[in-house]
Amino acid sequence: MTPVRRRSRAGAALVLAAALCAAALGSAPAAAADTGPRGFDDEPLGSPPAACTAVGDVTVAAAEFGGSAAGNRAVRLSDQSSTVHTRFTCDGTAAAQKSVAFRLSLEQHDVALLVALGGAGASANGAWRFSLAPAAGSQILVRAYDGAAWHTVGHVNAAATAGAWTDVRLTATTSRAELAIAGAVIDTDVRASTATSLDDVTIGSSGTAPVGVVAYVDDLEVDGAVPTGAFAARTFAGEPTGAEPAGCTVVGDVQVTSATVGGRTGNAVRLNDQSESVHTRMTCGNAAAPEKTISFRYSVAQLDAGLVVAVLGGASTAPNGVWRLSLRALDAGGISVRAYDGSAWHQVGAVARPTSAWGTVRIAATTTAAQLEFDGTVLRTSVRAATATSLGGLLIGSSGTAPVGTNVLIDDLAFRTSLPASATTATRVEVIAPGGASVGQVLTDLPVARFQPAAGLTPADYTAEVVWGVGATGAATLSAPDAEGYVTISGSHTYSATGSAAIGATVTGPDGVPVTATREIFITPEDQVLIATSAPPNEIRFPDAVTLQNGNILVAYHEAAEHGAADGVIKVTESSDGGHTWSPPRVAVDIAYDARDPKLVALSDGTVILSYFVTQWTPSHAAHGPFTVRSTDHGATWSAPAAVDTQMSCSCGPSNGSRPTGAAFTHGPIVELANGDLLIPLYGDLPTDPRSRATVVRSTDGGLTWDAANESTIAVGTIAYQEPNLTVLPSGEIVALIRTTSSPVRAYLSRSFDDGQTWTTAVATDIPAQSHHQLLTSDGRVLLTYGDITRPNRPTSGIMIDDPSGSWDGLAATSTPIYDAGNSDQGNPSSVEIAPGEYLTLGYDVVAASLYGIFTTDADY
């Protein structure tokens, strides 16, 4: 038997509702008793199946494939006619419930296959009517008919391969149906019409006009008994609205509600987090088992703060569960999926947001591996939050206490102790693409992912396409296996817009299951310049830039062999043409210990002050506090270091685990006030502080001396306040944005209206900023650049704050990607304005040991 080529897109086989609904189930002989598995080996070849009514090309045919014994026969249904709705109907005894099981092999699947159950009092479309439409690879898109329209109710993988058999079971009552295909179970209450009982089963093509289906049906069984374990999905129907879901533990605004979604009204659980003081969540328990398939439908009204889904341990009390997933909205309209390893989040992939009213999530997991399905897109991961010997219940909630803006509906929650077939056969794909690219950058033959073919298979047995974004794919090239057996997938692309996107690949193996693996990629502005490099083993970090009185741009940076535990020097370089070319770097600070985090300020008299802090790594760890050096010749030469005196720099308190408490650090440039005073922002701790504080120390002699008696506290409390940066606005108001250890990480804002003597209580913004920089623009705005902790690897983002005297909360959504080195050691930016509305922002790549400048304009923000 020669398989007929299948189309790879569901769109080519979308069922026309009018054609599908027009065909009746057909009349049948007098009702026959339900039967056990019915093989067709004894029925004559070329004849319709006995005791069934057939329309079109429906005959008993040889089916000696897919492991069947010699002489095996099955019903062959072939629709190649645009004038006949090909189908066969086998009658059954009327009963309040039915279970119909059969083996299915799809030789051709260009259009959908129909499976329907009739019933007493039902319409011509039957009580239950399902469409099994072709999707990517061997996927099946399952839709249910409500008498007027089709509704997507699920996807199934590894179910439509020519020459192989797939188990199908339809279990139904007059109000509920469960369709299981290849072990994947879809629950629904979308029925074609009401009925008082159920009887005959119809299997056919999708209507009169559509053509292109050849299906084999064998071992047909119709039973009036419902299998044990059927209807495991919890629909919340009948539960009182406004109440918590019974048997589940909830925190925050979680309640059963009546909702109209996609034209249909019914009960579901609404999880709504709009509170900054509550981590809204629902936890539903389930008996322990070594493996589980957990599924639910979800409808998204708001996903600003993301959603967390965690599979809990059966006997474990680990608070994060065994498998902990984060679903977060992407700029391009998709959803980023990450997994938690107990200390950090790891990108697993990206999926499209549901295009219909409801989306379906299926988690098929053991204690060591998990397969995640989002409306048919398959992701696989072994990143787990904790070890366990069994799996239990499920937690669904918002992403934490402080984040707000999650509003979702949950329905059809089901726990099963078996795995679908695809969970054990799907190919494992690993993304190796970089985490960043720039607009207009031509990516030619870029390696994006890799996989290992199964034993006995070669790359020729697989097909692949490169994913360049949600819904954006391209041609892929497969390499020969390397020494470890990995096949590399490469492709070419050019991104045309900034933002976050997904990059990776979809691989389909002989089983027909398309497995997608992606990671988030940060697309930044295209105009970049190389500023400096370092010789191995040294690396560049912590740059800062300032515009000098003579118009030149001066840049300082730290150079050392490692991020920590290595003594480094501070070097400077300068540009006289707006940042396009740069002088050879020269050393500005070289001391006995590690001089770190250089920051620059150009005073009104032309003096340049470079501030930094000193860390001793050996033989014991000690913090020696902040220092400054001065230059009166535009950075050509520098003075001897001068210490900044602060109440935090005694190193006399008890150890915090790495050093004695009583230490000070600096990460923000000095600012000059209208009266000539200077303020240096610091952070650190007094020996009695439970967490670090943010302060400023004042100099009244142009930075020659810094007295701890002139120190003012900006913020101190139950969270750590770190890396304060200051901006003096034209009005004289000073704004301080402070990195914190809040959960989730958000920057806090404080203000001073008396030249830094006193400060307002620091309040949270929604900006996820770390190691940030604030640039006052020529027209009084503030360009905030920062390491974005919500993105993988903490790349640099930027926000233009048009009214810095107003609220800084609610601005995170306006952020613009600026730079991503593709590794996690980054995100300490600094910016200068090279012309009105034109900016240069610094970023570094420790792998390339290079410092870059990224040019942007107001239009980018």
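**Exercise 1. How many bridges join strand β2 to β3, and in which sense do the two strands run?**

The model is predicted, with local features requiring pLDDT of at least 70 and side-chain atom pairs counting only at pLDDT 80 or more, while totals for chains, interfaces and linings use all residues. Residues are numbered from 1 along each chain as its sequence is written, and side-chain values use heavy atoms, with hydrogens and water left out.

Step 1. Strands (E, at least two residues) and helices (H or I, at least four) are DSSP runs numbered from the N terminus, and two strands pair if DSSP finds at least two bridges between them.

Step 2. Strand β2 (residues 57-62) is joined to β3 by six bridges, and the two run antiparallel; within this pair, A62 stands opposite R73 in β3.

Step 3. Strand β3 is also joined to β14, by five bridges and again in the antiparallel sense, with V217 in β14 as the bridge partner of V75.

Step 4. Because five of the seven residues of β3 (residues 73-79) are buried, this strand is largely enclosed by the rest of the structure; buried means under 20% relative accessible area, computed with a 1.4 Å probe on protein chains only.

**Exercise 2. Identify the residues that touch the most other members of the largest nonpolar core, and the strand that gives this core its largest share.**

Step 1. A nonpolar core is a set of buried Ala, Val, Leu, Ile, Met, Phe, Trp, Tyr and Cys residues joined through side-chain atoms within 4.5 Å.

Step 2. The largest such core holds 44 residues, of which F102, F130 and V142 touch the most other members. Its largest share, five residues, comes from strand β14 (residues 213-223).

Step 3. A second, separate core has 40 residues, among them V250, V254, L327 and A388.

Step 4. When residues up to four places away in sequence are not counted, those that V142 touches (heavy atoms within 4.5 Å) include F130, H151, V153, L179 and I186.

**Exercise 3. Describe the largest cavity and the elements that line it.**

Step 1. On a 1 Å grid over the protein atoms alone, a cavity is a set of points where a 1.4 Å probe fits but cannot get out, and lining residues have an atom within 4 Å of a point. Grid points are joined across faces, edges and corners, and the volume is the space filled by probe spheres set on the points.

Step 2. Searching the whole structure finds five cavities of 30 Å³ or more, and the largest has a volume of about 80 Å³.

Step 3. The lining of the largest cavity includes V153, I186, D187, R297, R362 and D412, and the elements that give two or more residues to this lining are β12 (184-188), β19 (292-303) and β24 (359-365).

**Exercise 4. Work out the strand order of the open sheet that contains β53, and state which strands stand at its edges.**

Step 1. The four strands are ordered β52-β53-β54-β55, with antiparallel pairing.

Step 2. Since β52 (721-728) and β55 (763-764) each have a single partner strand, they stand at the edges, so one side of each is left without a neighbour in the sheet.

Step 3. Strands β53 (residues 734-740) and β54 (residues 748-752) run antiparallel and are joined by five bridges, with L749 in β54 as the bridge partner of L737.

Notes
Buried means under 20% relative accessible area, exposed over 50%, partly exposed in between (1.4 Å probe, protein chains only). On a 1 Å grid over the protein atoms alone, a cavity is a set of points where a 1.4 Å probe fits but cannot get out, and a pocket is an open set with protein on both sides within 12 Å along at least five of seven lines; lining residues have an atom within 4 Å of a point.
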